[in-house]
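Reader: I'd like to go through this one feature by feature. Could you show me how to read each in turn, beginning with strand pairing?

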Amino acid sequence: MTPLNLTTAIFLFFTYTVGLIFVIAVVLRIYQYATTPQPIKLPLTPAPLTAGGAFARILGEVIFFKSLFKSNKPTWLFGYLFHIAFFLLIFMHFLRHFIYANPLPWWYDIFVDIGIVCGITMVLSLFFLLMRRVLVERVKFISLFSDYIILILIMLIGLAGLSLNYVISPSALTVVDNQLDPYMNGLLNFQFTNIPSNPVFLIHYTLVLLLVLYIPFSKVMHFVGIFFSPTRNMVDNPEEERYYRPNAKDLSI
Amino acid sequence: MANPKDKYKIPVLDGNIPIPKIVPGASAYEHMVEAQKVDMEALGFPFKLKDGWKEKAIGVFKEILDNNKAVRDYMDICVRCGACTDKCQFFLGTADPNNMPVQRQELMRKVYRYYFTPSGFFKSLSNSQELTEEVLKDWFTYFYQCSECRRCSLYCPYGIDTAEITMAARQIMDSIGLGQKYATEVIHKVFKTGNNIGIPPLALRNTLDDLEEEIKDESGKDVKIPMDVEGAEVLLVPPSADFFAMPHMESLKGYAKVFYKSGISYTVSSYASEAGNFGMFLGSYKNAKEINKRIWDEARRLKVKRVVIGECGHAWRAAYTYSNTMNGPFDFLDSKYRQPMHICEFTLGLVKDGVVKLDPSANDDKVVTFHDSCNVARGSRMGDFKGGQIVIPRELIKAAANKFVELREGTTKESTYCCGAGGGLLTEEVMNLRLAGAMPRMQTVKEAVDNHGVNFYALICAICKTQFSKIFPLHGFEEEMVGGIHQLVSNAIIL
């Protein structure tokens with residue numbers, strides 16, 4: 001086993017720190033949303049009359065963005081493309097770790113091509129969403145610094161990821177691939193190896209760490225919050241079944 | 001004497017609802033009159049800002065965050081996608097960016113960031129803001145330019161409900177002594193007299209006598225409107241405007257005739273002579289509960305079997321949603337019936353059972369359209385199926401009148417616009433705001449009048465009725481076009 005270099009030591013430290021902060025902060029946030037009482041029933045009607053129906057309503061929002069579809073078609077289209085591509089990319093990054101073996105499966109190139117299509121889709125839809133913030137008067141007015149930052153950050157992550165395929169040479173990419181697999185294994189079973197030293201990869205990796213660190217403190221928490229949104233997740237049955245929360249203080253309804 | 005048309009900014013009606021270019025501060029001049037001492041104290045609030053108001057306000061804010069999941073969740077998860085920006089009738093009418101739902105929320109969210117999030121540390125980058133008197137002034141202006149109609153929540157990908165945020169902001173302001181005169185005065189009247197208008201029992205009985213006489217003159221029948229009768233089957237709780245305002249009284253006549261014809265004994269109450277619940281507008285659980293409690297105390301005292309609520313939007317949402325939670329359970333009432341039940345469901349049931357017969361040709365002089373009231377369409381239900389609050393009023397109209405047309409698609413049912421005066425805005429000092437808020441709806445009315453010859457605008461909300469009775473003439477429409485569904489029933493019922 002080769003001794004670890006300084007770069008790897010630094011990245012290992014930050015990877016674990018960021019991972020820990022992310023998990024703790026997200027779990028705390030879920031706990032907070034889950035345990036805060038809701039004084040009265042608040043479903044936006046017409047609303048489902050059963051718990052199953054209410055759950056299906058939430059899934060409709062999470063999977064198809066139904067309300068956004070109703071309100072703004074272009075935003076829905078590009079927002080949807082972005083989220084699908086982003087989700088697939090995260091999923092495929094994890095998946096890649098399990099299918100990267102020697103020899104590579106015959107469909108590995110197709111797998112990579114799908115990833116590249118997702119990456120390009122993501123960057124383009126982000127670009128549209130960014131242009132929307134710059135060009136549509138109302139959206140520009142409501143946009144905050146943090147709204148631009150998150151778009152640009154994810155765009156840069158996408159661009160750096162795509163650069164690994166298009167900017168650096170194929171042989172350099174193979175080196176990265178061959179170093180990355182044991183590094184990732186090491187993160188899970190604490191048998192550390194050196195992180196790929198390619199600067200483009202390190203930029204990609206660093207930006208991802210920044211994103212993961214930022215998520216629990218940002219609007220990205222909507223991915224948790226939507227499940228707790230009372231106007232969407234509540235069952236419309238206040239007359240049929242008494243809804244009473246003794247721990248909800250007599251303050252605001 | 002200035003012509004009201006000179007006094008007010010009256011939007012031009014051409015049938016279009018364009019998305020305006022934003023004009024910062026366009027409606028900043030529309031303020032509510034501040035609450036009076038006697039009213040604030042009656043509601044359990046302090047009067048005027050005192051030393052330490054800021055700490056108090058942040059303390060109340062914290063308590064709301066800890067005890068209201070909706071506010072807690074909605075403070076964090078807005079992504080400013082902008083889906084709501086062109087959905088609020090007050091933005092469409094005023095062009096003031098603070099009337100875009102997301103921006104209205106931002107007034108509160110920036111204070112939330114300052115006190116309750118780590119990003120408040122990066123003040124300029126995160127748009128966080130200390131709660132200053134300046135900010136409070138914005139709150140008092142713009143959280144009283146929201147009618148809590150929840151149209152924005154319908155279109156929000158996360159269902160973020162600006163009404164909840166408006167209610168929380170009003171609650172914080174009330175708790176440090178900054179209240180709105182109109183709503184606090186109205187609630188104080190309910191505590192003193194049992195209704196929003198402040199009619200004492202004897203005057204109420206007199207009005208009911210007059211109405212009985214009117215019905216007798218019109219129909220020759222002895223239709224009674226009993227008051228405070230113990231042992232009646234039904235306690236009828238209409239909004240108090242039904243007792244004395246026009247066109248509301250026409251609907252009260254309709255209810256009375258339905259009870260007369262069905263033979264079901266009923267009574268109104270002088271103690272619970274108000275279905276409306278302005279406690280909801282303040283977002284005050286305590287006050288909403290006290291107002292709601294009067295209905296159920298009276299149901300117990302009068303030993304009725306069931307409770308029926310009259311035509312009123314927010315009143316129905318409050319009665320439907322809050323009753324069981326705040327003052328239930330209702331095991332002393334007849335469990336066969338929904339408690340409470342909406343008058344439209346009650347009447348339609350009797351019509352369907354053949355107990356009450358309607359002759360729709362009696363309304364053949366009318367081309368009827370229907371405005372869904374926001375709190376009914378988006379905040380409640382009638383009947384035992386999803387969407388009953390949309391279907392049942394329409395079925396009742398069609399049973400009572402032959403000619404019915406819908407307003408423009410996308411502005412009806414759960415997508416309905418607010419009348420522009422809900423949520424405690426039905427007051428003279430913000431007349432221009434009310435005109436602006438009613439603009440989108442009036443454009444669709446104009447279209448329905450021009451294209452379909454609509455001449456009757458059916459409503460099931462006391463606030464809508466008052467608002468449109470005032471707005472219609474300013475736009476050159478007949479005030480008499482505005483009326484309740486039970487006004488149609490009243491015309492059509494075969495006694």
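Author: Sure, with the reminder that this is a predicted model. Pairing is read residue by residue across neighbouring strands: B:T369 stands opposite B:Y457 in β7(B). That pair belongs to β5(B) and β7(B), which run parallel and are joined by 3 bridges.

Reader: Which strand does β7(B) join through 3 bridges besides that one, and in what sense do they run?

Author: β7(B) is joined to β8(B) by 3 bridges, and the two run parallel. Here the bridge partner of B:L459 is B:G484 in β8(B). To get from β7(B) to β8(B), the chain passes through helix α22 (residues 462-474) of chain B, and this β-α-β crossover is right-handed.

Reader: And what does β5(B) pair with over 2 bridges?

Author: Strand β5 (residues 368-370) of chain B pairs with β6(B) in the parallel sense. You can find B:V368 opposite B:F404 of β6(B) there.

Reader: In what order do the 4 strands sit, and is the sheet open or closed?

Author: The sheet is open, its order in chain B is β6-β5-β7-β8, and the pairing is parallel. At the edges stand β6 (404-405) and β8 (482-484) of chain B; each has a single partner strand, so one side of each lacks a neighbour in the sheet.

Reader: How do I read the faces of a strand?

Author: Start with the general idea: side chains in a regular strand alternate between the two faces of the sheet. Then look at β7(B), where B:F456 and B:A458 are on one side, B:Y457 and B:L459 are on the other, and all are buried. Both faces of β7(B) are therefore covered.

Reader: Which helix lies across β5, β7 and β8 of chain B?

Author: That's α23 (residues 485-492) of chain B, which runs at about 75° to β8(B).

Reader: Let's do helix pairs. At what angle do α21(B) and α22(B) pack?

Author: For a helix pair, look at the angle and the axis separation together. Helix α21 (residues 431-452) of chain B packs against α22(B) at about 80°, with the axes 11 Å apart. That makes the two helices, α21(B) and α22(B), roughly perpendicular. On the α21(B) side the contact is made by B:R434, B:L435, B:A438 and B:M442, and on the α22(B) side by B:Q467, B:I471 and B:L474. By class, this contact has 5 nonpolar, 1 polar and 1 charged residues.

Reader: What backbone oddities should I look for?

Author: Most residues other than glycine have a negative phi, and most peptide bonds are trans. Now for the exceptions. B:E148 isn't a glycine, yet its phi is positive, about 55°. You'll find B:E148 in the loop between α8 (133-142) and α9 (151-155) of chain B. B:K303, also a residue other than glycine, has a positive phi near 55°, and it lies in the loop between α16 (285-301) and β3 (306-309) of chain B.

Reader: Why does B:E148 count as buried, and how many other C-beta atoms are within 10 Å of B:K303?

Author: B:E148 has 26 C-beta neighbours inside 10 Å, and the cut-off for buried is 20 or more, so it counts as buried. B:K303 has 13 other C-beta atoms within 10 Å and is partly exposed.

Reader: Which peptide bonds are cis?

Author: Among them is the bond from A:T45 to A:P46, with omega near 0°; A:P46 is in the loop between α1 (6-35) and α2 (51-64) of chain A. The bond from B:Q339 to B:P340 is cis too, with omega near -5°. B:P340 sits in the loop between α17 (313-327) and β4 (341-342) of chain B.

Reader: How many helices and strands does chain A have?

Author: Chain A has 11 helices and 0 strands. Its C-alpha trace spans about 70 × 40 × 40 Å along the principal axes, and buried residues make up 26% of its 253 residues.

Reader: How many residues of chain A are in contact with chain B?

Author: 56 residues of chain A are in contact with 67 residues of chain B. The largest share of the chain A side, 5 residues, comes from α6(A). By class, that side has 28 nonpolar, 15 polar and 13 charged residues.

How values were computed: Residues numbered from 1 in each chain as written. Chains lettered and ligands numbered in written order. Contact = placed C-beta atoms within 7 Å. Nonpolar A, V, L, I, M, F, W, Y, C, P; charged D, E, K, R; others polar. Buried ≥ 20, exposed ≤ 12 C-beta atoms within 10 Å, placed from the backbone. Pairing = 2+ DSSP bridges. Axes fitted to C-alpha atoms, helices over the stretch in contact; angles between N-to-C directions. Right-handed = clockwise from strand over helix to strand, strands pointing away. Parallel < 35°, antiparallel > 145°, perpendicular 65-115°, else oblique.
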